[in-house]
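User: I would like to learn how to read charged side chains in a model. Please start from one pair.

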Amino acid sequence: MPEVERKIREEAKNLLVNKKVDFVIGFEEGTLPLRVSPVFIYKGDDTEKLIWNSFCENNLAVYLPEIGDKKVAVVAKGCDTRSIVALIVEGQIKREQIVVIGIPYQGMIDRRRIEKEVEGEILEVKEKNDEILIKGDVFEKVFKKEDYLYSSCKTCKHRNPVISDILIGEEIEERTQVDEYAEVNEYEKKSVDERWDYFNKEVNKCIRCYACRQACPMCYCEECFVDNSYPRWIGKGLDSSDLAVWHIIRAYHQAGRCVDCGSCERACPMEINLRFLTKKINKEVKNYFNFETGLDSATSPPLATFNVEDRQDFIDSGE
Amino acid sequence: MREREPKILAFLCNWCSYAGADLAGVSRIQYPPNVRVIRVPCSSRVNPLFILKALQQGIDGVLVAGCHPGDCHYISGNYIARRKFAIIKNFLEYIGIEEDRVQFAWVSAAEGARFAQVIKEVTEKVKRLGPIKKLVKTRGI
Amino acid sequence: MMKKISKKDMNRFIKSLLEDYTVYAPVNTDGIFSFKPIDNFQGIDPDYQNSKKPPKEIFFPQSETMFEYEKGKVTSAEKVSRKRILLGIRPCDAKANLLLDNVFAGEDYQDVYYINKRENTTIIGLGCRKPLSTCFCTSFGGGPFSKDGLDILLIDIGDKYIVDVVTDKGREILTNKFTEASEEELKLAEKIKREAEERIKSEVKIEGVKEKLDTMFESSFWDKLSERCLGCAVCTYLCPTCHCFDIDDEAKDSQGRRVRNWDSCMFPLFTLQASGHNPRPTGKERMRQRVMHKFNYFIENYKRAACAGCGRCILNCPVNIDIRKVLKEILTG
Amino acid sequence: MRNPYLPIPVKVKKTFIESEDRMIKTLDLLFLNKEDKENFEFMPGQFCEISVWGKGEAPFGIASSPLEKDSLKFTVNRAGIVTTALHYLKENDELGLRGPLGNSYPIELFKGKSVVIVGGGFAFTTLRALTKYLLAWRKDFKGITIIYGARTPGMLLYKEELKEWERREDLKVYITVDKGDKNWQGLVGFVPTVVEKKAPSPEDAYAVICGPPIMIKFTLPKLLALGFSPERIYTSLEMRMKCGIGKCGRCNIGRFYVCKDGPVFNYAQLEKLPGEY
């Protein structure tokens with residue numbers, strides 16, 4: 001058993017047995033290869049269920065706005081801890097309610113990419129150091145983890161938890177050299193019509209299941225704008241104009257709030273490139289307001305505040 | 001064939017830009033008649049959804065105008081609005097909506113002539129783009 | 001009636017059908033298959049396992065105009081302008097259509113939109129040579145080569161298809177390119193079938209689930225089951241038997257259209273009343289509704305579960321809630 | 001095959017503001033086509049889906065009795081888009097109508113028996129239909145008791161008719177308000193308390209109860225304590241509905257669809273159903 005997994009169980013057990021928390025949110029074995037499932041653990045004995053591997057892709061902070069007045073421990077990667085900070089900043093949870101079990105991690109494996117690279121169904125997976133061993137009916141293949149990380153993990157600059165009460169595993173060196181907006185910059189070079197065509201193609205895959213919204217820790221609104229009936233902003237069908245507005249506003253509402261954990265994209269059954277939208281928002285937030293989400297709990301979200309000196313080069317000011 | 005005149009929607013803040021429009025009117029300054037005005041209490045009242053909803057319905061261009069920085073009737077409304085607009089404007093361009101479909105301006109109550117000038121420029125820019133095709137909802141609203 | 005046709009002739013045959021029919025076939029878009037009208041046919045994509053969205057959408061589209069109106073003048077969109085062929089659907093989904101028939105074409109109100117499309121469609125199914133580990137159609141009386149709900153079943157035996165003609169509707173479209181299958185070919189088809197059936201390892205016990213659920217409405221099981229659920233509609237939208245919808249007007253002034261869109265019992269809005277009261281206020285009640293509706297209420301009304309074992313909800317749930325596990329826990333817990 | 005989703009055309013004959021807060025309005029409708037009118041046969045307790053062109057469709061219980069000639073009444077509480085639009089309608093405005101939908105109060109069972117009608121707030125609509133029907137065939141029934149409550153005197157529906165009913169000798173009418181005003185001389189108090197105090201006899205009697213969930217919750221035990229059996233207490237369920245014909249799924253409770261198998265149920269039935277209403 002990997003050391004990290006053993007430590008998670010041990011710490012979770014301690015917290016529960018000593019009644020430091022009401023429950024622990026972590027991961028358990030999934031029913032499919034390359035999958036795990038979030039789990040809520042209430043009893044010390046059940047902590048044996050907890051696991052840790054390169055498929056723990058969900059951002060468990062998504063469950064926190066619903067915990068009421070409970071005290072909860074949560075297993076969190078770097079991005080997840082930034083979501084927790086963002087939720088604290090927005091007053092959705094209280095710091096003292098949460099015990100963060102922070103885990104520095106190199107990134108999660110993009111299961112879909114692996115699935116696409118083998119012929120036939122994957123039946124067995126083993127993780128060994130830097131490699132993933134995949135077995136199917138008629139094939140066996142080894143993948144280098146680093147080459148198959150989720151795109152959000154590949155460009156992540158905050159792989160260490162920004163807050164943690166219990167840190168499990170060694171802190172890892174942050175990559176300062178990666179260009180996290182490389183894809184956005186590339187995209188910006190395209191012509192306006194090319195950009196629209198791609199955007200349109202992507203959003204037209206949407207089936208309005210709202211998995212992206214539901215998987216996002218920051219989409220905690222009591223009633224989402226698409227569900228408003230009065231005014232009813234957009235139609236509920238598959239009209240491409242409505243789909244476009246849904247995805248524009250969903251991304252826009254993430255301004256200064258998205259930690260780029262990639263949960264929305266992983267949840268999407270239609271495999272829409274959702275990060276290419278939020279990533280642009282993140283880029284502009286950085287550009288205009290020099291802000292990155294979830295790094296500290298003292299700074300207000302950028303769209304809830306202002307600076308008199310903010311750039312206004314896009315406004316006709318008469319000067 | 002005659003060019004179709006563009007339809008432009010202007011959200012004007014009640015305290016400055018709307019008064020500026022009024023001044024342009026009472027001063028009898030001529031400006032293109034393409035603009036339909038919606039008066040809002042403050043430029044920060046303009047939710048980006050309003051802009052998208054207008055484009056969805058076939059409006060060729062949207063202008064949002066408010067008080068100059070420092071002049072907001074509500075002290076800081078236009079500063080907040082400015083942040084929202086920075087994001088949405090860049091984002092709409094990014095996904096392929098032409099830059100000039102959505103424009104922003106500061107116009108004070110004293111700037112009747114400037115209001116006319118802004119409208120003239122906005123109209124020209126939108127005219128150059130031609131009728132809106134992207135984002136328009138063709139059935140229902 | 002067992003016939004055969006070479007794959008080459010099959011392609012020509014499908015192309016010839018395009019003249020009189022709208023042909024829906026699995027189309028690969030960026031790795032995701034969906035049933036779309038095609039204008040050319042070059043065979044079924046070898047990567048095709050099953051469509052992401054179930055083919056129920058051919059009869060019950062996710063978003064469908066019911067009628068257009070201008071003030072009181074109503075023009076219904078119930079008619080189907082062209083006959084249709086639905087090509088390449090999997091036996092589980094064909095079986096699921098039969099379950100939907102109970103709802104839309106049952107004894108009381110007839111849903112003309114669904115029925116018109118259903119009646120005007122000839123369904124050519126494609127047997128599954130390689131069912132996935134998440135397939136459990138056999139638990140519901142189906143199988144990788146089940147003929148229920150199909151007009152024609154195709155069995156891929158390499159360079160040709162064995163064509164099992166199930167209904168008269170299927171027989172009607174055949175041409176002289178379909179010839180008698182030989183003894184040997186039929187034997188091969190049998191072998192392929194057997195091998196496929198053996199591959200299905202996910203056996204889910206269904207007997208007793210309904211009775212157990214009868215006693216479980218107040219159980220804490222639902223709290224436990226729903227806590228990890230995100231409340232999205234992946235499981236219901238991708239389910240070939242889910243049939244809930246919303247009716248919505250898209251209109252300007254008094255002119256517009258009435259549309260129906262898929263809806264999901266997993267959304268809080270589904271049951272929220274104008275007063276603010278919600279009979280199913282939390283994820284727990286909504287998860288319970290989904291399971292109860294499929295494995296209790298539906299059985300009570302129609303004598304079978306509203307599940308065909310296609311495995312879509314298992315494969316696509318963002319938090320890996322596995323209905324096979326849920327059913328097992330219901331029986332044993 | 002008839003398309004059950006297509007509305008038939010009707011128009012507004014008259015509108016009437018019922019409540020002092022002007023939020024409740026009664027619409028009286030007329031059929032535009034003669035054959036639609038002839039085909040429209042209903043019983044008290046059934047409902048219709050009303051379409052406001054350009055706005056949408058919503059379900060409403062029929063407030064008039066089938067025996068009222070040239071009248072089809074719906075009482076509408078203004079809450080959302082459709083109900084607001086309905087409030088803005090004027091005489092001769094055209095609408096769409098689907099129905100009658102759902103089941104009705106079991107009037108056959110009531111014959112030769114007493115009927116106790118308990119209503120609260122604006123849920124009195126189908127109870128009005130029922131009352132009118134019972135009064136039209138008065139001699140077919142034994143005692144008729146009406147207990148009806150609203151927040152204030154001004155919030156009572158059908159005020160003129162209530163007065164008329166109070167004057168009649170062949171039925172007992174108890175009108176109560178949560179809070180009276182200076183002109184109010186009737187009962188003050190909540191419906192459950194009035195039910196308890198006035199204690200209508202359960203002998204050979206059926207009870208029909210409609211109102212806000214909280215009222216029903218507290219009235220039900222009182223009726224049971226008086227000796228009404230669950231089989232003889234009927235109610236009409238409120239659920240969010242769309243299709244009205246048991247397809248769209250949202251009003252599903254247990255094996256039933258409230259729109260198709262209801263909305264009228266007795267408490268013996270409801271006790272066996274999940275309490276999701």
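**Reading salt bridges**

Analyst: In this predicted model, the side chains of R288(C) and E276(D) meet in a salt bridge, 3.2 Å from N to O. The pair crosses between chains, from helix 9 (residues 283–302) of chain C to the segment after helix 9 (267–272) of chain D. Helices are DSSP runs of H or I, at least four residues, numbered from the N terminus.

User: What is a salt bridge?

Analyst: Side chains of opposite charge can pair when their charged atoms come close. The rule here asks for a side-chain nitrogen of Lys or Arg within 4 Å of a carboxyl oxygen of Asp or Glu. By this rule the count is 92 over all chains.

User: Are R288(C) and E276(D) buried or exposed?

Analyst: Both are buried. Buried means under 20% relative accessible area, exposed over 50%, and partly exposed in between (1.4 Å probe, protein chains only).

User: Which residue forms a salt bridge with K283(A)?

Analyst: E188(A) does, the closest N and O atoms being 2.7 Å apart. K283(A) lies in helix 10 (residues 275–289) and E188(A) in helix 5 (residues 182–188) of chain A, 95 residues apart. K283(A) counts as buried because its relative accessibility is 13%, whereas E188(A), at 28%, is partly exposed.

User: How should the numbering and values be taken?

Analyst: Residues are numbered from 1 along each chain as its sequence is written, and chains are lettered from A in the order in which they are written. Local features need pLDDT of at least 70, side-chain atom pairs count only at pLDDT 80 or more, and side-chain values use heavy atoms, leaving out hydrogens and water.

Definitions and conventions. Helices (H or I, at least four residues) and strands (E, at least two) are DSSP runs, numbered from the N terminus.
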